[in-house]
Amino acid sequence: MNSVSASTHGGRVSTASTLPRFMTDKMFAINMFLVSVWLLSIPFIYHAFSAGADFVADGAADHRAFNQPGNLTALYLLAWHMIFGAMMNFISPLQVHLGITQKNKPWHRAIGMTTISIAFFGASVGSLYFSLYYDANMVGDGLKPFIYQPGAMYGVVMFYVIYKVIQALVQRNFAVHKEWAIRLFILAIGSWLNRVMGGWWGVTAMVGGEGILPPREIVGIINSWGFYIIPLAIYEVYLRLGRAGAYKKLPAYAPFVTSLVGVGVLAVGSITYVAMAYMR
């Protein structure tokens with residue numbers, strides 16, 4: 001059957017819904033979200049990888065971050081950070097899918113070690129860049145430390161999460177490993193999520209006008225910290241509610257609806273950001 005039919009208990013119908021089976025399939029909801037993340041982030045992945053690789057190849061690129069006075073070493077660190085970030089964003093949705101389904105364990109192990117390696121090197125060059133250098137295109141000279149140190153801390157957080165992922169594997173605690181692996185996935189797509197947040201600032205400006213937005217300096221600080229702290233906090237709340245049994249009475253279609261809402265939020269922010277980038 002392709003739908004969930006009504007069931008009866010004692011001659012009474014317990015539910016009147018006849019939902020399509022995919023709407024009550026938790027794995028479908030998870031895969032829908034992962035595929036959407038991958039597809040929506042493709043423009044960012046392409047842009048980041050091509051800009052970083054272009055600069056690494058010949059020391060020049062069209063990206064505005066590379067067209068400013070500054071330390072050449074720092075710019076190379078940024079270029080490699082962009083390359084590693086794009087690669088990590090590209091493969092991490094597949095890695096999460098393989099880990100949850102457990103259908104191809106050899107591939108899961110291979111891609112997992114690849115993801116961890118890329119994350120380590122990406123966090124290393126990113127933390128060095130954000131610690132040693134700032135982007136002259138950023139706003140608010142007096143607030144630059146508040147905008148750039150979160151970038152360095154992003155790398156530090158990623159180092160810790162990588163350590164916990166490996167520790168849980170060594171201890172063969174696969175339930176804990178799964179939780180830390182999802183945290184690593186959140187960090188892996190963090191640079192793209194930063195752009196998604198930027199898109200939502202754009203939506204806010206278009207709907208209500210610039211007057212309702214905080215000053216650009218404050219927006220920069222919120223984005224710099226929020227792109228990884230906010231999704232990590234949401235996931236932590238999700239875990240704690242689950243441990244408290246908050247999801248036991250939810251309807252079978254709750255994962256599908258939650259995934260659909262998540263996809264919608266990411267789609268609006270991502271598409272708006274891409275449109276804003278093309279209009280510049």
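How far should the 30 residues of helix 2 span at 1.5 Å a residue, and how far apart are its end C-alpha atoms? That is settled in the first view below. This is a predicted model, where local features need pLDDT of at least 70, side-chain atom pairs count only at pLDDT 80 or more, and totals for chains, interfaces and linings use all residues. Residues are numbered from 1 along each chain as its sequence is written, and side-chain values use heavy atoms, with hydrogens and water left out.

**View 1. Helix 2, residues 72-101.** Helices here are DSSP runs (H or I, at least four residues), numbered from the N terminus. The expected span is 1.5 Å times one less than the number of residues, so helix 2 should cover 44 Å, and its end C-alpha atoms do sit 44 Å apart. There is a bend of about 35° at I91, with a proline, P93, following within four residues. A bend is the angle between axes fitted to the seven residues ending at a residue and the seven starting there. Just after helix 2 comes Q102, with a positive phi near 55°.

**View 2. H63, in the loop between helix 1 and helix 2.** Leaving aside residues up to four places away in sequence, H63 touches H47, A51 and M82 (contact means heavy atoms within 4.5 Å). H63 and A48 are 15 residues apart along the chain, and their C-alpha atoms are separated by 9.2 Å.

**View 3. Helix 7, residues 216-243.** From first C-alpha to last, the 28 residues of helix 7 reach 39 Å, close to the expected 40 Å. Helix 7 bends by about 55° at G226. G226 is also one of the buried residues of helix 7, which include F227, Y228 and P231; buried means under 20% relative accessible area with a 1.4 Å probe, protein chains only. After helix 7 look for G245, whose phi is positive, near 80°.

**View 4. Helix 8, residues 254-279.** Helix 8 has 26 residues and reaches 38 Å end to end between C-alphas, close to the 38 Å expected. Its buried residues include F256, S259, G262, V263 and L266, and among what covers the buried set are helix 1 (26-58) and helix 6 (190-208).

**View 5. The nonpolar surface patch with W200 and Y253.** V257, V261, V265 and V268 complete this patch of about 470 Å². Helix 8 gives the largest share, four residues, and V261 is found in helix 8. Patch members have over 30% relative accessible area and no salt bridge, with nonpolar side chains (Val, Leu, Ile, Met, Phe, Trp, Tyr) joined within 5 Å. Areas come from the Shrake-Rupley method with a 1.4 Å probe, and a salt bridge is a side-chain nitrogen of Lys or Arg within 4 Å of a carboxyl oxygen of Asp or Glu.

Note on methods. Helix = DSSP H or I, 4+ residues; strand = E, 2+ residues; numbered from the N terminus. Buried < 20%, exposed > 50% of the residue type's maximum accessible area, 1.4 Å probe, protein only. Patch = residues over 30% accessible without salt bridge, like charges linked within 9 Å, V, L, I, M, F, W, Y side chains within 5 Å.
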